[in-house]
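The exercises below are meant to be worked with the sequence and the structure side by side. Try each task before reading the solution that follows it.

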Amino acid sequence: MEIDHPKPNAPDQVSPKFSINVLQLLKSAQMQHGLRHGDYTRYRRYCTARLRRLYKSLKFTHGRGKYTRRAITESNVTEVRFLHLVLYTAERAWSHAMEKRQLPDGPTARQRIYLIGRLRKAVKWATLFSHLCAIKGDSRTSLESEAYASYMKGNLLFERDQNWDTALMNFKSARAVYEQLGKYGDLENQVLCRERVEELEPSIRYCLHKIGESNLQASELLQIDEMEGPALDLFKAKLEAVMAEARSQQAASMTEFHWLGHRFPISNGKTRVAILKAQELEKDLHGPSADSLSAERRLAIFDKIFTAYHEARSCIRSDLASSGNAENVKDDLNGLDKAVSAVLGQRTIERNELLVSIAKSKLTRRRDDKSEKVTKPEELVRLYDLLLQNTTDLSDLVNSGRDRKPEELSFSEECALKSLSFRAERCFYLAKSYSLSGKRAEAYALYCRARSLAEEALQNFQISNGSDQRIQQLKILCKECRSNSCIEHAKGMMEEMKAPENLSKRISNISLTGADKKTEKFLVEKLDTYESAVGDANVKGVPRIEVFPPAFQATPRNPIVLDLAYNFIEFPSLENRMKKDKKGFISRLWR
């Protein structure tokens, strides 16, 4: 499609004023068609399908058979759908560029040239959209279109790494428009404008940082990276590229990996970068600001750590495959793989412990929201099974070497103590699940077993000077096991004492005729009062409409007559009344 310079209308023609809520329209389309999960391919396909429907509905196709380009000019814009046509064309070009930006290994040189070309197309169409809206649209639509065009121009300059002052001016212009628009309109529009202002702020700060007018630190950049929104995806991709370059420079000085007294050399640059990225993320988990992180944020950091360590292990495995017959190199790579696997196992245990703490908080907390999922003791039993398996795997990995250092021996003892405490916790929640199902004897036995395991683990932790937090948790566990075992014993005794009484009561209420049975009225028996035919939605009972199958009813029958005199009656002869056969010649003719 060719874009011609729009021509002004004739002076005697009154141009209609169209109204488009640009930000609300685009946000709705983006969230419903892929960008909620960062799927730009799906959104681009939606824009293509939307454009096809618009072209057909407007009868603005480019001919059948021979292609004839039709330009969108001011004179063509006779209804609002023509403005939608230009807007979705710009969105299609922008989403195609973002699709290339989010490739797994990043865009190549040729792909980056194509990416910049698509962004340039998006700017071209956004500029035309702004020009047409200034003529054909109302004041608010014109203002929003100008902000959209400024945002697209800023994205293009941001990607090209040049003219940072011009990019800053465009971003600031878009922010000023959205700040003003956020003061008016309905509540939904105000929220969307405020969100767009927050999404533009990191790009503005980054441009100021590039110009040299801001003292933006790397930690602040990482905090910006935690924000969400489609407008931040280009910024995040740029930030990730900058951080990867910084890690590559820092990894040049990283030559060894230290683990439990061992030093393993690292020769592959990709392995260094992956391990360095994981170590930076670990500082966020164990740093001074770790307590302020939410559980969801900590789980997201754990996922990134796992990805980095798995990437490092894949690089190590590829180096092992290409190492040949060099025994020294193979030993170093095997040791490095073992060390990385052990650290990965430790982080897995920490993540599962975080899941346990989240599940415990949901188990003990009162539910204010009915939609909140209730944690059952069986879920905690499953999590402790995972922790026991993780601890066993980690202990086997550490004990697999021949000559072990004192650090490895102490680490193995720590794993054994953790395993014992996990067993005590698992036994406790298994007893709680049996208690909820009414099995008092099994629950009492499991509580006693959990108490003995907890006391043994507590004694071992106190001897080995373990962590105070773990010791305090075990003390609380011992008290809970003792109290719950007493409760289960008392409930069991009460149920045993009431058992004969309940049995005798049930036997005394037995009726052979069923006359004393409590009957319930059905819906057909109380039609004069209103009652729902299907019952309450929260009650699992069967609707009581009519008895089914219907009960048997007594029906009168005819009396039974036994004819005992039949065999003793002599009946008279009737031969004289019977017709006689005619055997003559003439009688044969008449047959």
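**Exercise 1. The cores**

Which residues have the most contacts inside the largest nonpolar core, and how many residues does this core have?

Solution. The model is a predicted one, and its largest nonpolar core has 64 residues, with Trp94, Phe129 and Tyr178 making the most contacts inside it. The next step is to ask where these residues come from: the elements that give two or more residues to this core are helix 1 (22-32), helix 2 (40-58), helix 3 (80-101), helix 4 (109-136), helix 5 (139-160), helix 6 (164-181) and helix 7 (187-211). A second, separate core has 62 residues, among them Ile316, Ala431, Ile471 and Leu477. In soluble globular proteins, nonpolar side chains tend to be buried together.

**Exercise 2. The chain as a whole**

Describe the secondary structure, burial and contacts of the chain.

Solution. Begin with the elements, of which there are 17 helices and two strands. Turning to burial, 37% of the 591 residues count as buried, while the chain exposes about 37600 Å², with carbon and sulfur atoms supplying 52% of that area. Finally, among contacts between residues at least 6 apart in sequence, 67% join residues at least 24 apart.

**Exercise 3. Two helices**

Compare the end-to-end span of helix 3 and of helix 11 with the expected value, and then establish how each is buried.

Solution. For helix 3, 22 residues at 1.5 Å a residue should span 32 Å, and the end C-alpha atoms are 32 Å apart, which agrees. Because 18 of these 22 residues are buried, helix 3 is largely enclosed by the rest of the structure. Helix 11 (residues 295-321) has 27 residues and reaches 39 Å between its first and last C-alpha, close to the expected 39 Å. The buried residues of helix 11 include Leu299, Phe302, Phe306 and Tyr309, but also Asp319.

**Exercise 4. The strand pair**

Work out how the two strands are arranged and which way the side chains of strand 1 point.

Solution. Strand 1 and strand 2 (residues 262-265) pair in the antiparallel sense over four bridges, and histidine 258 stands opposite arginine 263 in strand 2. The two strands form a hairpin with two residues between them, and leucine 260 in the turn has a positive phi of about 50°. Along strand 1 (residues 256-259) the side chains alternate, so that Phe257 and Trp259 point to one face and are buried, whereas Glu256 and His258 point to the other and are not.

**Exercise 5. Three single residues**

Classify serine 341, isoleucine 211 and asparagine 155 by burial, and place each among its surroundings.

Solution.
- Serine 341 is in helix 12 (residues 327-364), and it counts as buried because its relative accessibility is 16%, under the 20% cut-off. Its side chain makes a polar contact of 3.2 Å with the side chain of arginine 313; beyond neighbours within four places in sequence, serine 341 is in contact with Arg313 and Leu397.
- Isoleucine 211 belongs to helix 7 and, with a relative accessible area of 34%, is partly exposed. Leaving aside neighbours within four places, isoleucine 211 is in contact with Trp164, Asp165 and Leu168, and its C-alpha is 7.0 Å from that of aspartate 165, 46 residues away in sequence.
- Asparagine 155 lies in helix 5 and counts as buried at 3% relative accessibility. The C-alpha atoms of asparagine 155 and alanine 167, twelve residues apart along the chain, are separated by 7.5 Å.

Terms used: Residues are numbered from 1 along each chain as its sequence is written. This is a predicted model: local features need pLDDT of at least 70, side-chain atom pairs count only at pLDDT 80 or more; totals for chains, interfaces and linings use all residues. Side-chain values use heavy atoms; hydrogens and water are left out. Buried means under 20% relative accessible area, exposed over 50%, partly exposed in between (1.4 Å probe, protein chains only). Contact means heavy atoms within 4.5 Å. Accessible areas come from the Shrake-Rupley method with a 1.4 Å probe; for residues, only the protein chains shown count as cover. A polar contact is a pair of N or O atoms within 3.5 Å; within protein, one must be able to donate a hydrogen and the other to accept it, and residues adjacent in sequence count only if both atoms are side-chain atoms. A nonpolar core is a set of buried Ala, Val, Leu, Ile, Met, Phe, Trp, Tyr and Cys residues joined through side-chain atoms within 4.5 Å. The expected span of a helix is 1.5 Å times one less than its number of residues. Two strands pair if DSSP finds at least two bridges between them.
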